[in-house]
Amino acid sequence: MDSSTLLFNQLKAAEPFFLLAGPNVIESEDHILYMAKHLKDITSKLGLKFVFKSSFDKANRTSSKSFRGPGLAEGLKILEKVKMMYDVPIVTDVHESIQCEAVGRVADIIQIPAFLCRQTDLLVAAAKTGKIISIKKGQFCAPSVMANSAEKVRLAGNQNVMVCERGTMFGYNDLIVDPRNFEWMREANCPVVADITHSLQQPAGKKLEGGGVASGGLRELIPCIARTAVAVGVDGIFMEVHNDPLSAPVDGPTQWPLRHLKELLEELVAIGRVSKGKQQFKIDLTPFHD
């Protein structure tokens with residue numbers, strides 16, 4: 001069995017859920033190594049299957065003036081160092097087909113951004129790396145769309161695919177999380193992940209001094225969405241975590257504070273252990289008689 005399939009099977013079997021977590025973007029090598037160390041320590045103590053996440057380039061920032069990250073070559077070097085130093089799998093995102101081959105040499109999971117979840121050429125290029133493919137549901141998409149996106153990966157010869165809910169646009173500057181999607185996305189016949197941080201963004205909802213806008217967020221509701229997702233029975237949790245969210249250059253309003261990570265995960269593990277959300281409820285519609 002190849003390494004990707006082995007990891008995929010481990011994630012599918014993880015109880016009560018697996019965790020994809022890390023800072024939104026690579027700010028520096030020192031910061032990434034610091035975060036990886038603490039995340040590995042916390043998840044190891046809790047017995048959670050953990051994959052470290054960070055981005056080398058945020059190509060879809062609201063403003064062209066915003067911080068994007070170190071870029072492909074330098075970013076992959078840093079992520080590879082995390083992988084070797086802490087013996088953890090890596091997930092990172094791609095935005096163009098040309099990036100997939102290089103990313104596939106380092107990452108164990110290639111993430112397809114929500115805005116690009118229907119881009120066939122990108123899905124196929126990612127699939128052909130042989131790595132696990134995680135597809136985020138577009139904020140503009142019905143959950144049923146994800147079955148088609150997952151099938152594009154499978155038809156390209158890669159059976160190791162998962163789908164991720166990250167909220168649905170509600171007006172212009174807000175997202176809502178419909179818990180029904182966690183159930184409906186199972187129609188893609190693959191693991192379902194809940195992104196409990198991006199789903200609380202308020203896209204372009206914060207006006208900046210001097211003009212322009214940036215994305216805001218509702219960090220205080222992250223536990224609410226997390227509790228709901230785990231109770232419903234998702235296979236994995238995706239979350240962005242930072243040791244100093246107020247200073248984070250990207251998505252600070254929706255990154256969860258590192259100091260509270262263990263406390264939140266302990267609660268989620270407890271919920272997951274008592275929930276029957278992963279089991280389909282069998283409804284008997286025959287007439288009831290005393």
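One aromatic pair turns up in this predicted model, where rings of Phe, Tyr and Trp (its six-membered ring) pair if their centres lie within 6.5 Å. The partners are Phe-50 and Phe-52: ring centres 6.5 Å apart and planes at 80°, so the pair is edge-to-face (planes over 60 degrees apart; under 30 is stacked, and the rest are tilted). Phe-50 and Phe-52 are both buried, meaning under 20% relative accessible area, with exposed over 50% and partly exposed in between (1.4 Å probe, protein chains only).

A quick word on the ground rules. Residues are numbered from 1 along each chain as its sequence is written, and side-chain values use heavy atoms, leaving out hydrogens and water. Since the model is predicted, local features need pLDDT of at least 70 and side-chain atom pairs count only at pLDDT 80 or more, while totals for chains, interfaces and linings use all residues.

**Helix α2 and its partners**

- Helix α2 (residues 29-46) packs with helix α9 (residues 261-274) at an angle of about 30°, their axes 11 Å apart. Axes here are lines fitted to C-alpha atoms, for helices over the stretch in contact, with angles from 0 to 180 degrees between N-to-C directions; helices are DSSP runs (H or I, at least four residues), as are strands (E, at least two), numbered from the N terminus.
- That makes α2 and α9 roughly parallel, therefore (under 35 degrees; over 145 is roughly antiparallel, 65 to 115 roughly perpendicular and the rest oblique).
- The crossing of α2 past α9 is right-handed, which is to say that the near helix is turned clockwise from the far one by less than a right angle; anticlockwise would be left-handed.
- On the α2 side, Leu-39, Ile-42 and Leu-46 meet Leu-261, Lys-262, Leu-265 and Glu-266 of α9, contact being heavy atoms within 4.5 Å.
- Sorted by class, the contact of α2 with α9 has five nonpolar residues, no polar ones and two charged. Nonpolar covers Ala, Val, Leu, Ile, Met, Phe, Trp, Tyr, Cys and Pro, charged covers Asp, Glu, Lys and Arg, and the others, Gly among them, are polar.
- Helix α3 (residues 72-86) also packs with α2, at about 35° and with axes 10 Å apart; the crossing is again right-handed.
- From α2 the contact takes Glu-29, Ile-32, Leu-33, Ala-36, Lys-37 and Lys-40, and from α3 it takes Ile-78, Lys-81, Val-82, Met-85 and Tyr-86.
- The contact of α2 with α3 splits into seven nonpolar, no polar and four charged residues.

**Helix α5 and its surroundings**

- In helix α5 (residues 120-127), the buried residues are Leu-122, Leu-123, Ala-125, Ala-126 and Ala-127. They pack against α4 (100-104), β4 (109-112), β5 (132-136) and α6 (145-155).
- α5 and α6 sit at about 45° with their axes 8 Å apart, and are therefore oblique to each other. α5 crosses α6 in the right-handed sense.
- Thr-120, Leu-123, Val-124 and Ala-127 of α5 make this contact with Ser-149, Lys-152 and Val-153 of α6. The class split is four nonpolar, two polar and one charged.

**α9 and the segment after it**

- Leu-264 lies in α9 and, at 4% relative accessibility, counts as buried.
- Pro-223 is 41 residues from Leu-264 in sequence, yet the two are 7.1 Å apart, C-alpha to C-alpha.
- Leaving aside residues up to four places away in sequence, Leu-264 touches Ile-222, Pro-223, Met-239 and Trp-256.
- Ser-275 sits in the segment after α9 and is partly exposed at 24% relative accessibility.
- Ser-275 and Val-230 are 45 residues apart in sequence and 7.9 Å apart in space, C-alpha to C-alpha. With the same sequence neighbours left out (up to four places away), Ser-275 touches Val-230 and Ala-231.

**Backbone oddities in loops**

- The Glu-15 to Pro-16 peptide bond is cis, with omega near -5°; Pro-16 is in the loop between α1 (3-13) and β1 (18-22).
- Asp-87 isn't a glycine, but has a positive phi of about 55°. Asp-87 belongs to the loop between α3 and β3 (90-93) and counts as exposed at 65% relative accessibility.
- Asp-251, also not a glycine, has a positive phi of about 50°. Asp-251 is in the loop between β12 (236-242) and β13 (256-257), and is buried, with a relative accessible area of 16%.
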